[in-house]
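Let's take a walk through a protein together. Have a look at the sequence and the structure first, and then we'll pick out a few spots.

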Amino acid sequence: MTSLGEVRAKVRMDFTTAPHRLDYHQIMLVESGTGDFTIDSTRYSCRAGSLLWIRPNQVIQFASATNMDAHLVMFTETFPLRLRAQMGMLDDVLRPCHWQLGDDELAGFQRVLALIQEEFGRPDQGLGEDILKHLLAVALMHIDQLCRSQRKDHRETDTPSGENGELFLRFRRELEASYRTTRLVEDYAAALNCTPRTLSRACRIVAGTSTKDLIDARVALEAKRLLVHTDLPVGTIARQLGFTEVTNFGKFFARRVNMTPGTFRRGDDPRN
């Protein structure tokens, strides 16, 4: 537990000037000020009540000088309690990472953060870590409520459960492990010991889209990260993501992002 102001005071370099990655989760609740913040090349306008969840390895950057201050909660991937399948979706990099809280939502989330802060600052008498894990679980369940309450359609698919939910979560774990080596639906189905049709049905029910679209979205996301966060040549990035020909990578990227890799790297996106 810390604040954005405390981080600024401790870090000698200006961490807002360049894209960077964290190797842990960071939940940020803006308390005051305004500013633009980018997560994986998507820009979010932030003000008091803005809530952001930065997942490990996402590329982040303050888009400009900012006077924002915020509460920060940082935790490793292994720290939270194991929760039901629905909660397993929350730390998915393809899921939402920004919410603007209403007054009631903000007050409720601030109460949870205050409890975490109080426990974090208290001397550990033997159960401190367990208490923090349970309090963090409450915070994550609040975010889960936000994910569902702020969806306009409130689809049943937003609460994965049963065989389809479990298969989808296994697929997402396999996708994280294998997106650099294969983009074939059949390969993922074989790794999960199911048919492509069964996997496709699980993806449609849980995520509302096709298996192929989820695979391509994950590859495109990593391509954008590498283009922004590294100086690697486009050809090297293409090979790292399993493309044997850089022209095929260029066509894939243009189809997913609506611009060439070079244009994206230069930051020439008119939407920004």
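**A guided walk**

Start with the overall parts list: eleven helices and nine strands make up the protein chain's regular pieces. Keep in mind that you're looking at a predicted model. The chain has 272 residues, and 44% of them are buried. Now take the contacts in the chain with a separation of 6 or more: 71% of these link residues that sit 24 or more positions apart.

Next, find two helices, H8 (residues 211-229) and H10 (residues 246-257). Their axes come within 10 Å and cross at roughly 105°. Angles from 65 to 115 degrees count as roughly perpendicular, and H8 and H10 are therefore roughly perpendicular to each other. Which residues of H8 and H10 meet? On the H8 side you'll find Asp213, Asp216, Ala217, Val219, Ala220, Ala223, Lys224 and Leu227. Their partners in H10 are Phe249, Phe252, Phe253, Arg255, Arg256 and Val257. Sort the residues of this contact by class and you get nine nonpolar, five charged and no polar ones.

Stay with H10 for a moment and look at its rings. Helix H10 holds both Phe249 and Phe253, which are four residues apart, or about one turn of the helix. Both of these residues are buried. Aromatic pairs like this come to a count of eight. How do the rings of Phe249 and Phe253 sit relative to each other? Their centres are 6.0 Å apart and their planes are at 45°, so the pair is tilted; for comparison, planes under 30 degrees apart would count as stacked and those over 60 as edge-to-face. Zoom out a bit and you'll see one aromatic cluster formed by Phe243, Phe249, Phe252, Phe253 and Phe264.

Rings can have charged company too. Arg183 places its charged end over the ring of Phe252, 5.8 Å from the ring's centre. Elsewhere, the charged end of Arg55 sits over the ring of Trp53, with 4.8 Å to the centre.

Finally, go back to helix H8 and find Glu222. Is Glu222 buried or exposed? Its relative accessibility is 3%, and buried means under 20%, so Glu222 counts as buried. What is Glu222 in contact with, leaving aside its neighbours within four places in sequence? The list is Arg21, Tyr179, Arg180 and Leu241. You can also pick out Gln240: Glu222 and Gln240 are 18 residues apart in sequence, and in space they are 10.0 Å apart, C-alpha to C-alpha.

Definitions and conventions. Residues numbered from 1 in each chain as written. Predicted model: local features only at pLDDT ≥ 70, side-chain atom pairs only at ≥ 80, totals over all residues. Heavy atoms only, no water. Axes fitted to C-alpha atoms, helices over the stretch in contact; angles between N-to-C directions. Parallel < 35°, antiparallel > 145°, perpendicular 65-115°, else oblique. Contact = heavy atoms within 4.5 Å. Nonpolar A, V, L, I, M, F, W, Y, C, P; charged D, E, K, R; others polar. Phe/Tyr/Trp six-rings, centres within 6.5 Å; stacked < 30°, edge-to-face > 60°. Buried < 20%, exposed > 50% of the residue type's maximum accessible area, 1.4 Å probe, protein only. Lys NZ or Arg CZ within 6 Å of the ring centre and 35° of its normal.
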